[in-house]
Amino acid sequence: MPEFTYEIKEQLGVLGENSRGWTKELNLISWNGGNPKYDIRDWAPDHDRMGKGVTLTVDEAAELKELLAKVDFD
């Protein structure tokens with residue numbers, strides 16, 4: 001597997017936590033030194049391991065915000 005780097009530029013919030021203490025988080029992350037992107041994924045408590053996630057550009061995050069605004073969560 002190729003090496004990659006990441007830097008969490010801003011921790012925006014925790015969406016939930018599982019029984020093992022991993023948290024599903026929304027963060028702004030720079031992958032391999034690139035422009036930061038919005039990222040939703042599970043993280044180990046010390047952020048040394050991560051699960052699979054979804055990375056969104058600013059435009060994709062804005063579109064997701066618009067879509068979620070239309071959802072009736074009741």
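Biologist: Why is Lys24 called partly exposed?
Modeller: Its relative accessibility is 37%, and partly exposed covers what lies between buried, under 20% relative accessible area, and exposed, over 50% (1.4 Å probe, protein chains only). So Lys24 counts as partly exposed. A friendly note on the background: this is a predicted model, where local features need pLDDT of at least 70, side-chain atom pairs count only at pLDDT 80 or more, and totals for chains, interfaces and linings use all residues. Residues are numbered from 1 along each chain as its sequence is written, and side-chain values use heavy atoms, with hydrogens and water left out.

Biologist: What makes Lys24 and Asp42 a salt bridge?
Modeller: The term asks for a side-chain nitrogen of Lys or Arg within 4 Å of a carboxyl oxygen of Asp or Glu. Here the closest N and O atoms are 3.2 Å apart, so the pair fits the definition.

Biologist: What does that pair tie together?
Modeller: Lys24 lies in strand 2 and Asp42 in strand 3 (residues 37–43), so parts 18 residues apart in sequence are tied together. Strands are DSSP runs (E, at least two residues), numbered from the N terminus.

Biologist: How do you know that Asp48 and Arg49 form a salt bridge?
Modeller: Their N to O distance is 3.9 Å, so the pair meets the 4 Å cut-off.

Biologist: Asp39 also forms a salt bridge with Arg41; why are both residues called buried?
Modeller: Asp39 has 0% relative accessibility, so Asp39 counts as buried. Arg41 has 9%, so Arg41 counts as buried too.

How values were computed:
Helix = DSSP H or I, 4+ residues; strand = E, 2+ residues; numbered from the N terminus.
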